Amino acid sequence: MAAHPEPAGLRGDAAPEPASSTPKWAGVAWALLILNTLGSTGAKTVLPLPRSVSQLVTMGSLMTAFVIALALNKHLRIRPSAYLLLLTALLGTSILSSADLQEGAGALFRCFRLTVFVSTLWLLTRWWDGGFSFVRYHIRTYAVVLASVAIGLVISPGNAMPEEYGGRLSGAIWPLTPPQIGQYAAVISGLTLLLWFGRRTTWRSALAIVVPVLGLLLLTHTRTATLGLVAGLAVAFLSMVLTSARARKVFAWTVGIGGVAGVVLAGALQTWFLRGQSADNFSSLTGRAKVWDALLEAPRSTAEYIFGVGLTDKSYDGLPIDNSWLAIYHEQGFVGIALVAGFLLTLVVVAVLRPPSLARACAIFLITYCISASYTEAGLGDASPYLLHLAVAASLLVRGVPQSDEQAFIPAKGADVRGAGA
């Protein structure tokens with residue numbers, strides 16, 4: 001029986017990567033979107049940074065990203081995207097639920113921010129072509145963010161690993177919490193490993209990123225990010241094992257070495273995983289379960305069940321919700337849950353239907369990571385890094401780019417939809 005050929009990028013001999021037509025300024029806009037989602041709260045920084053200043057920087061970066069994207073795409077040519085279409089519907093639900101100002105004027109401001117955020121993504125879809133341009137923008141920008149974390153750790157270890165976070169690594173240059181740093185480290189290390197596997201980067205470049213980044217991840221003691229990284233890579237490699245001999249070898253070696261290491265280092269892993277917590281604290285997910293129970297037991301009107309109370313700071317009774325699904329239930333109701341489940345399901349189905357490739361594997365990694373992290377992290381219902389991770393996945397799942405510009409994009413006034421992507 002003839003063996004099935006492996007897809008380009010999965011064989012031992014790497015296929016040359018096509019030249020990207022994405023303008024460099026699109027990468028600048030993407031970096032600014034990431035800067036906007038970094039947030040403005042966290043540990044004490046080396047240089048005191050008033051929250052008003054950090055908020056001005058993050059909001060200014062979003063507006064600048066929108067202006068750049070609009071200047072690049074002045075004819076408003078966009079690519080069809082079911083993901084962004086459902087995200088836009090979620091935006092409409094958020095505006096509707098926030099209109100009565102139950103959560104104050106801040107809810108409308110968050111809706112404005114989400115509007116600019118989604119609009120910028122739509123403008124950038126012109127360059128969503130199934131290539132790796134936005135993957136590389138993602139890795140480079142978060143690598144710079146993590147480099148600032150490492151610098152903060154070197155120049156001010158006390159601020160970088162404060163007692164208020166239990167000695168976990170946080171941002172001493174820019175206010176970043178340990179879960180944020182863990183998320184960024186897990187995502188870019190996973191993507192870098194997949195690019196190395198697909199011969200899209202050298203092993204030296206991969207080591208230069210993955211080794212220090214995984215070190216930062218370990219210092220954060222972030223269980224969600226670690227489990228998300230493992231789950232994402234496992235599913236990504238499983239998606240390739242039937243068509244790639246190299247994927248089968250890597251997966252087998254990883255399982256074997258991981259099993260042995262798990263037995264030998266069981267005690268150290270358990271200590272790291274528990275990070276000094278009591279059994280009660282660990283079973284309640286560091287107190288999250290108590291907040292979740294209070295949120296679910298609170299009385300609500302029918303309108304609040306359906307549409308939620310409007311966009312908040314992802315907290316309930318002064319405590320963080322730390323669950324995407326409960327945060328969406330609180331803010332956008334059952335309609336919001338249906339829309340978020342809809343765009344996640346759409347991405348999963350499109351990824352399953354695409355033929356095996358490195359791009360599909362990277363998309364599957366990002367989707368799996370976001371789904372696994374949604375249980376203990378909020379962000380799927382508002383402008384956040386999670387929506388950017390999923391946008392990168394959607395850009396990777398776009399079908400082959402049509403030859404003519406008229407076939408590739410839809411003018412804003414409407415035209416035939418061709419080459420629908422995720």
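I began at serine 97, which counts as buried at 4% relative accessibility. I note here that the model is predicted.

**Entry: serine 97**

I looked up where serine 97 sits. Helix α3, residues 82-98, holds serine 97. Next I checked the polar atoms of its side chain. One of them lies 3.0 Å from the backbone oxygen of serine 94. Then I listed the neighbours of serine 97, leaving out residues up to four places away in sequence. The contacts are Phe307, Gly308, Val309, Gly310 and Glu331. I followed Glu331 further, under the salt bridges.

**Entry: the whole chain**

I paused for the overall picture. The protein has 18 helices and 2 strands. Of its 422 residues, 49% are buried. I took the contacts with a separation of 6 or more; residues 24 or more positions apart account for 77% of them. The exposed area is about 19000 Å², and carbon and sulfur atoms supply 68% of that.

**Entry: salt bridges**

How many salt bridges does the structure hold? I found 3.

I took arginine 288 and aspartate 322 to start. Their closest N and O atoms are 3.5 Å apart. Arginine 288 belongs to helix α13 (residues 288-297), while aspartate 322 is in the loop between β2 (319-320) and α15 (324-353), so this salt bridge ties together parts 34 residues apart in sequence. I checked burial on both sides. Arginine 288 has 14% relative accessibility and counts as buried. Aspartate 322, at 21%, counts as partly exposed. The cut-off for buried is under 20%, so aspartate 322 at 21% does not meet it.

Next came glutamate 331, the residue I had met beside serine 97. Glutamate 331 forms a salt bridge with lysine 314, with 3.2 Å between the closest N and O atoms. Glutamate 331 is in helix α15 and lysine 314 is in the loop between α14 (302-307) and β1 (315-316), so the pair joins parts that are 17 residues apart in sequence. Glutamate 331 is buried, with a relative accessible area of 1%. Lysine 314 is buried too, at 16%.

Lysine 314 has another partner. I found a salt bridge from lysine 314 to aspartate 382, with the closest N and O atoms 2.9 Å apart. Aspartate 382 is in the loop between α16 (358-373) and α17 (385-396), and lysine 314 is in the loop between α14 and β1, so the pair ties together parts 68 residues apart in sequence. Both lysine 314 and aspartate 382 are buried.

Which residues are linked in a network of salt bridges? I wrote down Lys314, Glu331 and Asp382.

**Entry: helix α1 and leucine 32**

I moved to α1. This helix has 13 residues and reaches 19 Å from its first C-alpha to its last, close to the 18 Å expected at 1.5 Å a residue. I listed its buried residues: Ala26, Gly27, Ala29, Trp30, Leu32, Leu33, Ile34 and Asn36. What covers the buried residues of α1? The cover includes α2 (51-72), α4 (105-124), α5 (133-155) and α17.

I picked leucine 32 for a closer look. Leucine 32 is found in α1, residues 24-36. Its relative accessible area is 17%, and leucine 32 is buried. Leaving out residues up to four places away in sequence, I found that leucine 32 touches Ser61, Thr64, Ala65 and Ile68. I also checked phenylalanine 66, which is 34 residues from leucine 32 along the chain. The two C-alpha atoms are separated by 9.2 Å.

**Entry: helix α7**

Is α7 enclosed or open? I counted burial along the helix. Of the 20 residues of α7, 17 are buried, so the helix is largely enclosed by the rest of the structure. From first C-alpha to last, α7 reaches 28 Å, close to the 28 Å expected at 1.5 Å a residue. I then looked just after α7. There arginine 199 takes a positive phi of about 65 degrees.

**Entry: a nonpolar patch**

Last, I looked at the surface. Val46, Leu47, Ile151, Val154, Ile155 and Ile173 make a nonpolar patch of about 580 Å². I looked up one of these residues. Isoleucine 173 lies in the loop between α6 (157-160) and α7 (178-197). Its relative accessible area is 38%, and isoleucine 173 is partly exposed.

Key: Residues numbered from 1 in each chain as written. Predicted model: local features only at pLDDT ≥ 70, side-chain atom pairs only at ≥ 80, totals over all residues. Heavy atoms only, no water. Salt bridge = Lys/Arg side-chain N within 4 Å of Asp/Glu carboxyl O. Helix = DSSP H or I, 4+ residues; strand = E, 2+ residues; numbered from the N terminus. Buried < 20%, exposed > 50% of the residue type's maximum accessible area, 1.4 Å probe, protein only. Polar contact = N/O pair within 3.5 Å; in protein donor to acceptor, adjacent residues only side chain to side chain. Contact = heavy atoms within 4.5 Å. Areas by Shrake-Rupley, 256 points an atom, 1.4 Å probe, with all protein chains shown as cover. Patch = residues over 30% accessible without salt bridge, like charges linked within 9 Å, V, L, I, M, F, W, Y side chains within 5 Å. Expected span 1.5 Å × (residues − 1).
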